[in-house]
Amino acid sequence: MALSFWKAYPSRIKRILAIVVFFVVSLIVTIAGVLTPLSLEEANSLNQEIKQMQENINMQFIFGNNFMICLGMFVPFAGPVFGFYAFYSTGVLIAAYSIANGLPPLMSFISLLIFPVFWLEFLAYSVAMAESVWLTWRIIQHRGRNELVKTCIFISICAVILLVAAIIEIALIAMFMPG
C-alpha cells in the first residue's frame, strides 16, 4: 500500500518530499544534540574551542566549512549518516555555548530560527542528504551514472544557497559583533 502511494507521485514530487523529510529529521536530530546533558566543564571546554574558531572567521571560512560538510552529505550510502552526526554535533555545540553563557540551550536553538542563515543551511543540507539517498538508490539499480548529472546540479544549487547564507551570516556577525 505505501509503495503504491509512493509510485503514484512523479519524481520531482518524490524529491521534494524526501527533502522535507530530511529537513524535519535534521531538526529533530539537532534538537537531540541541544538537549544532550553537558557538565559545566564540558560546556566551557567546547565553548573555548568555539571561541578559538571564531577568531579568524570570514565569509570564505564560513562558506568553505559549510560546503565541505554539505559535500560529505552527498556521498552515496554514508551521506545521511555523516549529516545526522553533523547535526547532532551542532546541537551539542549550541548547548555548550548556551550553558557556558548561562542560557537555556533549547531557547538558544529556538532563537536561531529567526535568522535566514539557519533555514538556508538546513535546506542545503537536506537537499544533499536527499540526493545522497537518490544516488544510492540509483547505484543499487545500476543507474548511478544517470543520477550523477542531477547530483552535480544539486551540488551547484547547494553551493549557491550556502554562499548566500555565508554572505548573510558575515553581515549579521558584522552587525551584531562590531569591532
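**Cysteines, aromatic pairs and pockets in a predicted model**

The count of disulfides comes to zero in this structure, which is a predicted model. C70 takes part in no disulfide, and the nearest cysteine sulfur, that of C158, lies 4.1 Å away, whereas a disulfide would require the two sulfur atoms to be within 2.5 Å. C70 is buried, with a relative accessible area of 0%. For C152, the closest cysteine sulfur is likewise found in C158, but at 12 Å, which is too far for a bond. C152 is partly exposed, its relative accessibility being 47%.

Aromatic contacts were examined next. The structure holds 10 aromatic pairs, among them that of F87 and F122, whose ring centres are 4.7 Å apart and whose planes meet at 45 degrees, so that the pair is classed as tilted, since angles under 30 degrees would count as stacked and those over 60 as edge-to-face. Because F87 belongs to helix α5 and F122 to helix α7, this pair ties together parts of the chain that are 35 residues apart in sequence. Both F87 and F122 are buried. The pair formed by F115 and F176, in contrast, is edge-to-face, with 6.3 Å from centre to centre and 80 degrees between the planes. Here F115 lies in the loop between α6 and α7 while F176 lies in helix α8, and the pair therefore ties together parts that are 61 residues apart in sequence. F115 is partly exposed, with a relative accessible area of 26%, and F176 is exposed, with a value of 55%. Ring pairs also join F87 and F122 with F23, F109, F118, W119 and Y125 in a cluster.

Attention then turned to the pockets. The largest pocket encloses about 1,700 Å³ of space. Its lining consists of 39 residues, and those that lie nearest its centre are Q54, T90, I94, L112 and E169. Two or more lining residues are given by each of the helices α3 (40-54), α4 (59-74), α5 (79-100), α6 (105-112), α7 (116-140) and α8 (144-176). Helix α5, which also carries F87, supplies the largest share of this lining, with 10 residues. By class, the lining of the largest pocket divides into 28 nonpolar, eight polar and three charged residues.

The second largest pocket contains about 260 Å³ of space and is lined by 13 residues, of which W6, K14, W134, W137 and R138 lie nearest its centre. The elements that give two or more residues to the lining of this second pocket are α1 (2-7), α2 (11-34) and α7, and α7 gives the most, with five residues. Eight nonpolar, one polar and four charged residues make up the lining of the second largest pocket. W134, one of the residues that lie nearest the centre of this pocket, is also involved in a contact with a charged side chain, as R15 lies over the face of the W134 ring at 4.3 Å from the ring centre.

Definitions and conventions. Residues numbered from 1 in each chain as written. Predicted model: local features only at pLDDT ≥ 70, side-chain atom pairs only at ≥ 80, totals over all residues. Heavy atoms only, no water. 1 Å grid on protein atoms, 1.4 Å probe; cavity = no way out; pocket = protein on both sides within 12 Å on 5 of 7 lines; lining within 4 Å. Points joined across faces, edges and corners; volume = space filled by probe spheres on them. Helix = DSSP H or I, 4+ residues; strand = E, 2+ residues; numbered from the N terminus. Nonpolar A, V, L, I, M, F, W, Y, C, P; charged D, E, K, R; others polar. Buried < 20%, exposed > 50% of the residue type's maximum accessible area, 1.4 Å probe, protein only. Phe/Tyr/Trp six-rings, centres within 6.5 Å; stacked < 30°, edge-to-face > 60°. Lys NZ or Arg CZ within 6 Å of the ring centre and 35° of its normal.
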